[in-house]
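Visitor: I would like to go through this model term by term and hear the reason behind each label. Could we begin with a residue whose accessibility sits between the extremes?

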Amino acid sequence: MNWRQRLGAFIGGFDAGQHHRRLRGFQATRAHVNALIAASGPDITARARWLVRNNGYAVNAIESWAANTVGDGIKPISKLADAARKEELQRLWLAWTDEADAEGLTDFYGLQRRAAREVFLAGEVFVRIRPRRVEDGLTVPLQLQMLPSEMLPLHETGVARNGNAIRQGIEFDQIGRRVAYHFLRRHPGDSTDPGLSGEIVRVPASEVIHVIDPVEGGQLRGVSKLAPAIVKLFLLDQYDDAELDRKKVAAMYAMFVTSPAPENPLAALDDEEMPTGVEISPGQIVRLDPGEDVTVGQPADSGATYEPFQYRTLLQISAALGIPYPYLANDMVKGNFSNSRLALIEFRRRVSAWQHSVMVYQLCRPVYARWLDLAVLSGALPLPGYEAERPRILAADWLPTKWDWVDPLKDANAEIAQIEAGLKSRTQAIAERGYDAEQVDREIAAERTRERALGLDFRQPGSPAQGVQAVSSAEDNAKTEDPDLEDRPTTAAEEG
């Protein structure tokens, strides 16, 4: 025990800092997270990928995370005041999103979803900005290439030729700014592409977007969100597999036949004397030799503790991953409506914070800025005075996919009450659903014009949009105003 520990034991105060018997085996490392990731990062990522490929709970957790954080996509709505220019910009952006993926497998919003999965799985992902030639025929000469965490080797540490420091594959200048990334040309684990294996290429930081959700100050590389749950997921999977295999083996033995001991128990049995299984069928009569007895197999049950043990273990895994238990296990029976709603609200608050602090800030905004620069430079989007007004033109609201309501009627009524009381605006309410208020208003105005031209009004009672409840309410109100209507006979037209 060093002098600091002896002083702490003498002064007392914090039990967590003592070294008495109960905490003698609790020797926490003082290494920085960068050193821990350098030592264990590759193994953590490899195990996380293995679990996502083989464990149902792990894959369910990562798909739930991607669906809730990105969904159909986090989409920009320009703040340009000129409606015509804004519509032209939005139309060009939408056309480019289909061409954004350099691999041609998905659109820009699909890349967002893949990025969310990778950050959950490996703790980080890299997106390389690939400017293209105008003659390539793209709407805007720009594409994005997604690179997994393994493409930037953690062991790449040293001093560059220009004197800059290289730490875990990232090159820093003299004042600590990221100036370049030293990527492998080929994935180190892809044996199907052996060419250029091990070669490293230096890519300027201006052409790379590093999406990461750091957990500590000064952290350079990411760590999987699965890390706190990897051990429990793996051991629980082994336990389930052993339990299932035990039940399968026990179920194979339906009954056992006990025969008298042989005269010479050490003598080897001939093939004809070897015991064989007895196949039975419904209503079958089995004759036994003298001295033989039949015992029906009774395999041991899993016991009353199996289900509670599974549930508690999955709750720990759920807490470690930050995924609600119903989303992790697809078990909607355990919680009631109120508990499920509370868990959903807390989960959505976490997701919303991650959307804006990680996905929007690190990925969406830089891509949008580079896209708009190239759109103007290539002539695809004429914006006079763009250089002088660039910050104002770049302003945009990024709208995530709308949340589905738990109780649509109550939530809608509550939101209408907030709007009527002036606690929120229609623009805010519409934006929370992932739509542009100006676009929605234009669509509503166009529908009203079309309804008037066709002689329709879906806001009146009895229309398809109002439903049976509105019709009944209108009839009750009419009867209240004119009591004679209750006794008036119904006409054939009204019955139809």
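Guide: This is a predicted model, and K225 is a suitable place to begin, since at 25% relative accessibility K225 counts as partly exposed.

Visitor: Why is K225 called partly exposed?

Guide: The label buried requires a value under 20% and the label exposed a value over 50%; K225 stands at 25%, which lies in between, and therefore K225 is called partly exposed.

Visitor: How do you know that K225 and D213 form a salt bridge?

Guide: The closest N and O atoms of K225 and D213 are 3.4 Å apart, and because the rule asks for a side-chain nitrogen of Lys or Arg within 4 Å of a carboxyl oxygen of Asp or Glu, the pair qualifies as a salt bridge. The pair links distant parts of the chain, with K225 and D213 both placed in the loop between β9 (208-212) and α6 (230-251), 12 residues apart. D213, at 26% relative accessibility, also counts as partly exposed.

Visitor: What makes R114 and D101 a salt bridge?

Guide: Their closest N and O atoms are 4.0 Å apart, and the cut-off is within 4 Å, so the pair is counted as a salt bridge. R114 lies in helix α5 (residues 108-122) and D101 in the loop between α4 (83-97) and α5, so the pair ties together parts that are 13 residues apart in sequence. R114 is partly exposed, at 28%, whereas D101, with a relative accessible area of 3%, is buried.

Visitor: Why is E243 called buried, and R246 partly exposed?

Guide: E243 has a relative accessible area of 12%, which is under 20%, so E243 is buried; R246 has 32%, which falls between 20% and 50%, so R246 is partly exposed. The side chains of these two residues meet in a salt bridge at 2.6 Å, N to O, and both lie in helix α6, three residues apart, about one turn of the helix. Salt bridges that share partners also join R49, E118 and E150 into one network, and by this rule the count comes to 28 salt bridges.

Visitor: Which residues does L314 touch, and why is L314 called buried?

Guide: L314, whose place is in helix α7 (residues 306-321), has 4% relative accessibility, and because that is under 20%, L314 counts as buried. Not counting residues up to four places away in sequence, L314 touches Y57, L236, Y325, L328 and A329. From K232, L314 is 82 residues apart in sequence and 8.7 Å apart in space, C-alpha to C-alpha.

Visitor: What makes β6 and β7 a pair of strands?

Guide: Pairing needs at least two bridges, and three bridges join β6 (residues 170-172) to β7 (residues 178-184), so the two strands, which run antiparallel, are paired. Across this pair, E171 stands opposite A180 in β7. Both strands belong to an open sheet of five strands in the order β4-β5-β6-β7-β8, with antiparallel pairing.

Visitor: Why are β4 and β8 called edge strands?

Guide: β4 (158-159) and β8 (200-204) are the edge strands, as each pairs on one side only.

Visitor: Which residues have the most contacts inside the largest nonpolar core?

Guide: They are W93, W96, L321, M359, W371 and L372, in a core of 65 residues, to which helix α9 (residues 337-377) gives the most, with 15 residues.

How values were computed:
Residues are numbered from 1 along each chain as its sequence is written. This is a predicted model: local features need pLDDT of at least 70, side-chain atom pairs count only at pLDDT 80 or more; totals for chains, interfaces and linings use all residues. Side-chain values use heavy atoms; hydrogens and water are left out. Helices (H or I, at least four residues) and strands (E, at least two) are DSSP runs, numbered from the N terminus. Buried means under 20% relative accessible area, exposed over 50%, partly exposed in between (1.4 Å probe, protein chains only). Contact means heavy atoms within 4.5 Å. A nonpolar core is a set of buried Ala, Val, Leu, Ile, Met, Phe, Trp, Tyr and Cys residues joined through side-chain atoms within 4.5 Å.
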